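Open the structure in your viewer and keep the sequence panel beside it. The stops below say what to select next and what is there.

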Amino acid sequence: MPENLTPLSAETKSDKSITGQVTSHGTDPDFKEFVHASPIALYSCDQRGYITYFNEAAVKLWGRRPEIGRDRWCGSWKIYYPDGSPMPPDTCPMARTLKEGQAFESAEITIERPDHTFRRLLVFPRLIFDEKNIIISAHSTLVDITGQKQDEEKQAILTAIVESSDDGIISKNLEGIITSWNTGARRIFGYTEEETIGKHISLLIPETLLQEEDMIISNIRSGKKIDHYETIRLAKGGREVPISLTISPVKDSRGRIIGASKIARNISERLHAEQLINQSLYRLNTLNSIGKAIFENLDVQSVLQKVTDATTKLTGAAFGAFFNNALDEQGESYMLFTLSGAPREAFEKFGMPRNTDVFRATFLGEGVVRSDDITKDLRYGHNAPHKGMPKGHLPVVSYLAVPVISNSGAVIGGLFFGHPELGVFTEEHEDLVSSIALQAAIALDNSKLFEEVKALSAKKDEFIALASHELKTPLTTIKGYLQVLDRSEKEPVGKLFINKTLNQVEKLNALISDLLDISKIEAGKLRLDKIDFDLRELLLEVIESLQHTNKTHRILFHDDGQPAKIRADRQRLEQALLNLLINAIKYSPKADHIEVWLETTGGEVTVRIRDEGIGLSHAQQKKLFTRFYRAEGAFRIAGLGLGLYLTKDIIDRHQGRIGVASETGKGSTFFFSLPIK
Ligand code: ADP
């Protein structure tokens, strides 16, 4: 007998009253109508199982109208046991009831309807006997329990979800009494269900946070949900657990709030992870900023100070220091270079000589020394002349030392860290400091190179200054003799040659002066000797002298007649004007004139020099004022590319502005403005 069939008790089995009722009412048209219209599905079969009657509710439930006298048992529907396995039609409850001659209390089956939908049914088959107690037929009531089953399944799923959740799911009533407690809650708080159900929720709340419960309950009473409220709760034994709480009101079937369900998530791991992330971020930022600082900075002292400060902070050391691998004035090796977290005097008391065994290992390139308790190190405190460490020595217990090794392999120095407590430095600290030491070594190598380049550059400037002076002396003599010769020469050809030579000497002189000026600018030694004068006068003088020596171009001067008093270095401004005017002539070989304007507006005086020469492209204009720059079109014209660089420097030093407007092949207008006194 299948498990789902439960035999009826003896009296009910042969209950003739049922038979009597059916037979007596069988002819009653009202009763027939009542059965037919009943919302409960009913049908009957003869003793061989052929369907003899069914009502409309049965048709609806089956989804098909059976054929009287043809369909058997359960209407030849597909039927299944509650576990889903198929049930042969001749073993269906109706068939078995007829075959075995005994009725059953109820049987649970699942039917598949013609449209392939499934329904869960409770079947109540009953036998009908004649007067001789012989089975003449059977009838059955079908009760659709699909909805109820679905609810049960849903409930079972929900229970399984609640039980398998990692979160603690707890419910309580409005008085705060715990009414349910899942496995997650047990894991988080350590209490079993028996230990908590019926207890007040304050069991889990730290004393200082008890007022939170009032807030929670008042929210719940007013139907409000609380989302992801982060707080602290107490686990069994008083351990504090950081949790995130989501609390929702629980309502009864009439919608009244009767309690609350709480989901408590243990956020210790998340908080720990956040802490780790923040720590890493802080480290990354510090590394980044040290990296930037040390590569932007070429000064050894400040590079090392930054490195020492940052690494002391990152390792959590009580103090840190960088010792240079060098001798100091007293012949003491390993000079203290930079220090962080301790006064310098503390290190002065660092045993003498400093090359103790522990310390020296770093400078010998033996790698990183890290110790949780350096006082236990055999190399510690056994160095002559001391027995033990000298008095006043910093109380180092945790010790970390990282060598700073140059690209060439030489040990530049070492970074040392100490802490008075045990086991402060970790492998991570070791890695961090090692990577910073590597960057620092590169920066130190660079700064050494930079110092060398600076020294070389100073030597070069010195050389140029000396060479210019040496070149100028014989030139001055040559010039003097040529002038004497010029005065005594009567022959026009001779005079012409002397003047041409004088001209070239003048050019050479100017070139040497430019070179000398450049080296002065580089060395920051170009001095200005400022006086008050009128720029107009100077400009007119320069034009006049230039016009005198240069016959190829007429210099046309335009003037607004305003005073142009300035305070400036007259000689340097003459140099600037000459540079611009000579360039205008030089770079307009096909033109016969250049134009000059002098204008005063808005507290400024502006000189504009226009030529109709080769012009300059936009790209060329951008580079024009840099040292040794010569535009492509200028290569057939003599020059060194120094004049404009010098001119700009002179104007800049007078708080002026200089610029150009030009177009290739269409000439250029150079201008500069200076503040009027
Ligand atoms: P140099 O004339 O000795 O080459 P400058 O510094 O005076 O040096 O000028 C730099 C470059 O600027 C010149 O080589 C030339 O290419 C360009 N330049 C200067 N003045 C003019 C101008 N008036 N017209 C066109 N190009 C010019």
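A residue counts as buried when its relative accessible area is under 20%. This is a predicted model, and the tour begins where that cut-off is needed.

**Stop 1: helix α5**

Select residues 93–100, which form helix α5. The buried residues in α5 are P93, M94, A95, R96, T97 and L98. Because 6 of the 8 residues are buried, α5 is largely enclosed by the rest of the structure. To see what covers them, add strands β1, β4 (86–87), β5 (107–112), β6 (118–129) and β7 (135–144), which are among the covering elements. Then step just past the helix to G101, where phi is positive, about 70°.

**Stop 2: the sheet**

Now show the strands as ribbons. Seven of them make an open sheet in the order β2-β1-β7-β6-β5-β3-β4, and the pairing is antiparallel. The edge strands, β2 and β4, each pair on one side only. Strands of a sheet pair through backbone hydrogen bonds, so displaying the backbone is useful here.

Select β1 (residues 41–46) together with β2 (residues 51–54): these antiparallel strands are joined by 3 bridges. Within this pair, C45 has I51 of β2 as its bridge partner. The hairpin has 4 residues between the two strands, and in it G49 takes a positive phi near 100°.

Next select β6 and β7, an antiparallel pair joined by 9 bridges. One place to look is L127, whose bridge partner in β7 is A138. In the loop between β6 and β7 you will find N133. Is N133 buried, partly exposed or exposed? Its relative accessibility is 38%, so N133 counts as partly exposed. Phi of N133 is positive, near 70°, and the residue is not a glycine. Most residues other than glycine have a negative phi.

**Stop 3: V35**

Select V35, in helix α3 (residues 29–37). With a relative accessible area of 16%, V35 is under the 20% cut-off and therefore buried. Which residues does V35 contact, leaving aside its neighbours within four places in sequence? They are L42, Y53 and N55. For a long view, add S302: the C-alpha atoms of V35 and S302 are 104 Å apart, and the two residues are 267 residues apart along the chain.

**Stop 4: the ligand**

Move to the ligand and display the residues around it. There are 21 of them, and N583, Y587, R630, A631 and L644 come nearest. By class, this shell has 12 nonpolar, 6 polar and 3 charged residues. At least two shell residues each come from α17 (570–586), α19 (643–653) and β24 (668–675). The largest share, 3 residues, is from α17.

Three polar pairs can be picked out with the distance tool:

- N583: an N or O atom of its side chain is 2.8 Å from an oxygen atom of the ligand.
- K586: a polar side-chain atom is 3.1 Å from an oxygen atom of the ligand.
- G641: a polar backbone atom is 3.2 Å from an oxygen atom of the ligand.

Taken alone, the ligand exposes 530 Å², and the protein buries 97% of that.

**Stop 5: Q655**

Finish at Q655, in the loop between α19 and β23 (657–662). Its relative accessibility is 60%, so Q655 counts as exposed. Although Q655 is not a glycine, its phi is positive, about 55°.

Definitions and conventions. Residues are numbered from 1 along each chain as its sequence is written. This is a predicted model: local features need pLDDT of at least 70, side-chain atom pairs count only at pLDDT 80 or more; totals for chains, interfaces and linings use all residues. Side-chain values use heavy atoms; hydrogens and water are left out. A residue is near a molecule or strand if one of its heavy atoms lies within 4 Å of it. A polar contact is a pair of N or O atoms within 3.5 Å; within protein, one must be able to donate a hydrogen and the other to accept it, and residues adjacent in sequence count only if both atoms are side-chain atoms. Accessible areas come from the Shrake-Rupley method with a 1.4 Å probe; for residues, only the protein chains shown count as cover. Ala, Val, Leu, Ile, Met, Phe, Trp, Tyr, Cys and Pro count as nonpolar, Asp, Glu, Lys and Arg as charged, and the others, Gly among them, as polar. Two strands pair if DSSP finds at least two bridges between them. Buried means under 20% relative accessible area, exposed over 50%, partly exposed in between (1.4 Å probe, protein chains only). Contact means heavy atoms within 4.5 Å.
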